[in-house]
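Me: Could you take me through one part of this model in detail? I'd like a close look at the second largest pocket, and in particular what sort of residues line that pocket.

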Amino acid sequence: MNIVVCVKHVPDATADRQFESDNTVDRDGVPGLMSELDEYAVEQSLQLKEKRAGDGGGEEVTVTALTVGPEGAAEGLKKALQMGADAGVHVTDAAIAGSDAVATAKVLAGAIRKIGQSQGGADLVVCGMASTDGAMSVVPAMLAELLDLPQVTFGSVVESQGNEFRIKRDGENATEVIGATAPLVLSVTDQSGEARYPSFKGIMAAKKKPVETWGLSDIGVDAGEVGADAAWTAVTSTEARPPRSKGEVVTDEDGSGATALVEFLASKKFI
Amino acid sequence: MSEVLVLVDHVDGAVRKPTYELLTIAKRLGEPSAVFIGGAEAADAAVEAVKKYGAEKVYVVDDTEIKGYLVAPKAEVLAQLVEQARESGGPVAVLVPASVDGREIAGRLAIKTGSGLITDATDVQAGEADGDSPVTTQSVFAGNYTVTAKVTKGTPIIAVKPNAAAPEEAAGAGAVEQFAPTISEAAKKAKIVASQPRQASGRPELTEAAIVVAGGRGTGGNFDPVEGLADSLGAAVGASRAAVDSGWKPHAFQIGQTGKVVSPQLYIANGISGAIQHRAGMQTSKTIVAVNKDEEAPIFELVDFGVVGDLHKVLPAATEEINKRKG
């Protein structure tokens with residue numbers, strides 16, 4: 001089984017994230033890291049590999065970590081390799097800068113097709129539930145559409161037997177079990193299992209793992225289809241939200257806190 | 001005026017509130033056409049409901065063939081309606097609720113129709129000139145930035161967050177048009193094998209509620225004070241990730257980056273420290289109140305009003321006082 005896990009290098013969510021003057025995300029001024037939510041996708045891929053290779057199954061499973069982005073994005077790949085992915089692919093091209101979700105999905109799809117060619121087809125594409133920067137949660141669905149695959153997304157529990165996959169998810173109104181046959185696109189939530197930390201051995205081994213760097217021409221995506229100029233959406237303004245000014249904070253003494261709280265709620269007409 | 005397609009969010013014909021918000025927004029942009037995908041027996045009730053909020057037309061799509069499949073067939077239905085509307089110069093936009101399914105339907109629809117997609121809009125206004133793309137507002141980076149954007153290619157597809165508009169009643173013609181889509185076999189590959197409806201709590205839905213009362217680690221697992229206060233205010237109950245990870249509340253209650261993002265009129269955080277991941281889920285609330293034992297808790301930096309104290313004492317006392325005032 002060939003698994004491709006998509007990871008995104010993002011500005012650290014705990015840092016002071018900003019926009020550039022051209023309304024793109026400032027990716028230089030803030031330390032970057034692999035999107036925390038993609039760790040769960042890597043973890044799930046590794047667990048699938050371990051289950052299938054173990055259990056007397058002895059199935060050969062390859063986990064390829066895939067990322068798109070400028071030079072720094074390779075850091076995100078490194079983390080995935082340290083955790084245990086077998087190989088990495090970094091798609092980087094000056095033309096990609098400023099791409100929106102559609103263009104990003106096209107680049108990922110192109111790379112997945114190419115990875116598949118050398119491996120006899122990708123059976124499973126695994127993604128996190130959202131990036132911690134854009135947070136649109138649409139790339140897995142777009143990938144599924146572009147690759148003409150079914151999608152099973154937001155899985156909190158993943159089970160599989162052969163090519164049959166079942167996931168459990170917390171839907172809007174119900175807890176659902178979704179089933180589909182691989183090849184498919186899977187996304188997992190932060191409920192799907194604690195992501196492992198890279199071990200010392202993993203960190204050393206990662207240095208020897210193959211990482212390929214591809215440009216757009218390598219994956220058959222036309223430069224005119226990606227980047228800020230080809231984006232199908234345009235950000236027209238970005239404005240820092242004025243910091244919330246800290247309101248009154250009282251210390252409760254013998255019930256005074258409750259009284260003050262009720263008074264505040266009443267003054268705002270919530271009662 | 002050209003039509004605006006609105007995907008109706010409903011449970012067995014009972015239309016959910018975000019749909020009325022979408023219809024209200026659609027009226028700003030053009031003529032709302034509701035798209036109802038569901039059982040034939042439930043269609044009448046849904047048509048009546050959306051008519052009251054300005055739907056001029058209602059496309060009724062019988063879901064017998066596609067029921068039980070994940071989002072792909074719904075994306076095909078909408079894509080075919082977009083193609084049909086394009087023949088007469090439309091549609092102005094497609095509006096879907098920014099739910100898990102709504103966003104994914106929108107994602108597939110964007111690719112199918114060669115259209116730009118904007119998700120999680122907190123406001124949508126008509127473009128400046130006639131024929132301009134609508135202008136959306138989004139809140140990004142844990143609510144620290146406000147971004148306006150527009151779609152520049154194809155049909156604007158916009159996933160709109162709950163509470164993006166106050167629903168306004170406006171009688172529409174509600175002309176019913178049965179629509180029979182062609183669904184591909186490829187769209188029927190991801191099946192809903194089992195579905196366990198969540199138990200109704202009798203409280204408002206978390207993302208739609210005007211008031212949210214949430215509890216965190218500081219509850220120590222006892223949510224009674226939080227729920228008591230919520231019920232006295234007619235509020236929804238939420239939880240921090242720490243409370244969910246401790247098993248005190250199911251994941252459906254989680255507020256934050258990896259849970260629900262709420263934007264109510266009033267948010268009351270109890271025993272929640274206010275880590276960035278939590279703030280991402282509630283920072284755009286209109287009024288924020290916190291009760292926490294630790295006066296250093298970062299949540300206090302955000303509040304309009306805060307109480308440093310034990311929630312197990314403050315909340316029950318406040319609940320009692322509120323109930324007394326209500327008589």
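Reply: The lining of the second largest pocket divides into 16 nonpolar, nine polar and 12 charged residues. Do keep in mind that this is a predicted model. The pocket holds about 1100 Å³ of space. Its lining has 37 residues, and those closest to the pocket's centre are Asn173(A), Glu176(A), His10(B), Lys74(B) and Asp101(B). As for the elements that give two or more residues to this lining, chain A supplies strand S10 (174-181). From chain B come strand S2 (10-11), strand S4 (31-38) and strand S12 (191-197), along with helix H2 (40-51), helix H3 (72-86) and helix H4 (100-113). H4(B) gives the most, with four residues.

It may help to set the pocket beside the enclosed space in the model. There is one cavity of 30 Å³ or more in the structure, and the largest cavity has a volume of about 40 Å³. Both chains appear in its lining: Pro150(A) and Gln151(A) on one hand, and Leu70(B), Val71(B), Ala72(B), Arg108(B), Ala186(B), Ala187(B), Lys189(B) and Ala190(B) on the other. By type, the cavity lining divides into seven nonpolar residues, one polar and two charged.

Notes:
Residues numbered from 1 in each chain as written. Chains lettered and ligands numbered in written order. Predicted model: local features only at pLDDT ≥ 70, side-chain atom pairs only at ≥ 80, totals over all residues. Heavy atoms only, no water. 1 Å grid on protein atoms, 1.4 Å probe; cavity = no way out; pocket = protein on both sides within 12 Å on 5 of 7 lines; lining within 4 Å. Points joined across faces, edges and corners; volume = space filled by probe spheres on them. Nonpolar A, V, L, I, M, F, W, Y, C, P; charged D, E, K, R; others polar.
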